[in-house]
Amino acid sequence: MKDEGIDPGLKSGDRLRSEGSRRIGLALGGGGAKGLSHIAFLKVFDDLKIRPSIISGVSIGAVIGAFYAAGLEAREIEEIFEGMGIRRMTGMMDFSVFSTSGIIKGKKVEEFFRDHLPVSLFEDLSIRLLIVATDFWKREEVVFRSGPILPAIRASISVPVILEPLKLEGRILTDGSTVNPLPHDLIRDDCDILAAIDVSGSKTPEDGNPMPSMMENVFSTFQILQAAVVKGKMAHIKPDILAQPRLADIQFMDFYRKDEILEGVSGDVERFRRELEKRLGKGGEEKDEGGR
């Protein structure tokens with residue numbers, strides 16, 4: 001596990017490209033259930049029959065990014081989350097009785113990913129992937145790019161208070177969104193066209209009551225901090241294409257609202273499609289040779 005930046009050189013899943021090809025980089029941000037909207041944007045790539053050359057992801061963006069980098073199409077990823085209702089979500093929650101670090105131990109969550117990921121190593125992915133986590137005690141970014149994928153995902157989604165941190169190689173790792181909620185900066189130099197999907201969304205008072213619930217206070221405060229980090233990074237490194245769907249009033253754990261989330265970003269997806277086609281030229285016909 002390394003955290004000093006992107007390794008140079010050709011990686012597994014990377015392809016040699018002709019001089020005229022355009023390398024597309026895709027950054028998928030964190031945002032809880034709002035991150036299911038990443039699936040709608042990935043459908044654009046499938047429709048245009050192109051594939052990113054490299055993906056960076058954090059938290060839910062790491063989850064969706066890993067599935068896509070492993071070779072699944074967007075519709076297949078959507079099927080994985082089909083029927084993600086309250087009962088199914090509750091079944092994945094192995095509550096920790098003795099831990100003081102998190103409400104959920106996370107073993108059942110790991111089983112879910114293990115059952116659905118077709119590969120287990122970064123080196124076996126069809127698209128180069130970077131996953132971001134946070135070293136809790138050093139307060140610094142950790143970037144996974146090789147070795148087992150599952151620990152990287154498990155670390156990246158370890159939302160404070162909710163999921164126990166992951167102890168790995170002497171480090172305590174938590175949700176990568178605390179240090180880099182939209183990791184577009186990590187792949188800026190590895191692509192010609194950089195697209196970033198920020199799914200932090202927005203919030204309004206519920207039923208006219210300005211006082212948030214206890215859990216919403218925790219989650220929304222977390223996302224307020226993320227928005228500030230993204231804004232700061234944008235002042236220095238900007239993607240070529242930026243999508244920021246509003247996704248108003250989707251709660252952090254509202255995974256059962258998948259259909260509503262996907263439908264709610266339809267306008268943003270169409271704008272993303274037009275911009276991507278424009279950047280590629282010829283109506284998106286130019287194909288990245290790293291694709292299928």
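Two strands pair if DSSP finds at least two bridges between them. Helices (H or I, at least four residues) and strands (E, at least two) are DSSP runs, numbered from the N terminus. This is a predicted model, in which local features need pLDDT of at least 70, side-chain atom pairs count only at pLDDT 80 or more, and totals for chains, interfaces and linings use all residues. Residues are numbered from 1 along each chain as its sequence is written, and side-chain values use heavy atoms, with hydrogens and water left out.

**Stop 1: confidence**

Colour the model by pLDDT, the predictor's confidence in each residue, from 0 to 100. The protein averages 84, and 81% of the residues score at least 70. Select residues 1-20: pLDDT stays under 50 there, and the model has 48 contacts beyond four places in sequence for this stretch. A contact means heavy atoms within 4.5 Å. Then select residues 284-292, where pLDDT also stays under 50. For residues 284-292 the model has 33 contacts beyond four places in sequence.

**Stop 2: strand β4**

Select residues 128-135, which make up strand β4. Is β4 enclosed or open? Of its 8 residues, 8 are buried, so the strand is largely enclosed by the rest of the structure. Buried means under 20% relative accessible area, exposed means over 50%, and partly exposed lies in between (1.4 Å probe, protein chains only). In a regular strand the side chains alternate between the two faces of the sheet. On one side of β4 are Arg128, Leu130, Val132 and Thr134, and on the other are Leu129, Ile131, Ala133 and Asp135; both faces are covered.

**Stop 3: the partners of β4**

Keep β4 selected and add strand β2, residues 54-58. These two strands pair in the parallel sense over 5 bridges. Ser56 stands opposite Leu130 in β4.

Next add strand β5, residues 140-144, which pairs with β4 in the antiparallel sense over 5 bridges. Here Val143 of β5 is the bridge partner of Val132. With 4 residues between them, β4 and β5 form a hairpin.

Finally, add strand β8, residues 171-175. β8 and β4 pair in the antiparallel sense over 3 bridges, and Asp175 in β8 stands opposite Ala133.

**Stop 4: two loop residues with positive phi**

Select Arg139, in the loop between β4 and β5. Its phi is near 55 degrees, a positive value in a residue other than glycine. Arg139 counts as exposed because its relative accessibility is 75%.

Now go to Leu247, in the loop between β10 (241-243) and α8 (258-264). Leu247 has a positive phi near 45 degrees and is likewise a residue other than glycine. At 9% relative accessibility, Leu247 counts as buried.

**Stop 5: helix α1**

Select residues 38-48, helix α1. How many of its 11 residues are buried? The count is 9, so α1 is largely enclosed by the rest of the structure. Among the buried residues are His38, Phe41, Phe45 and Asp46. Lys49 follows α1 and has a positive phi near 60 degrees.

**Stop 6: a surface patch**

Select Ile103, Val161 and Val218, which form a nonpolar patch on the surface. Together they have about 210 Å² of accessible area. Accessible areas come from the Shrake-Rupley method with a 1.4 Å probe; for residues, only the protein chains shown count as cover. Patches are made of residues with over 30% relative accessible area and no salt bridge, with like charges joined within 9 Å and nonpolar side chains (Val, Leu, Ile, Met, Phe, Trp, Tyr) within 5 Å. A salt bridge is a side-chain nitrogen of Lys or Arg within 4 Å of a carboxyl oxygen of Asp or Glu. Ile103 is in strand β3, residues 102-104. At 36% relative accessibility, Ile103 counts as partly exposed.
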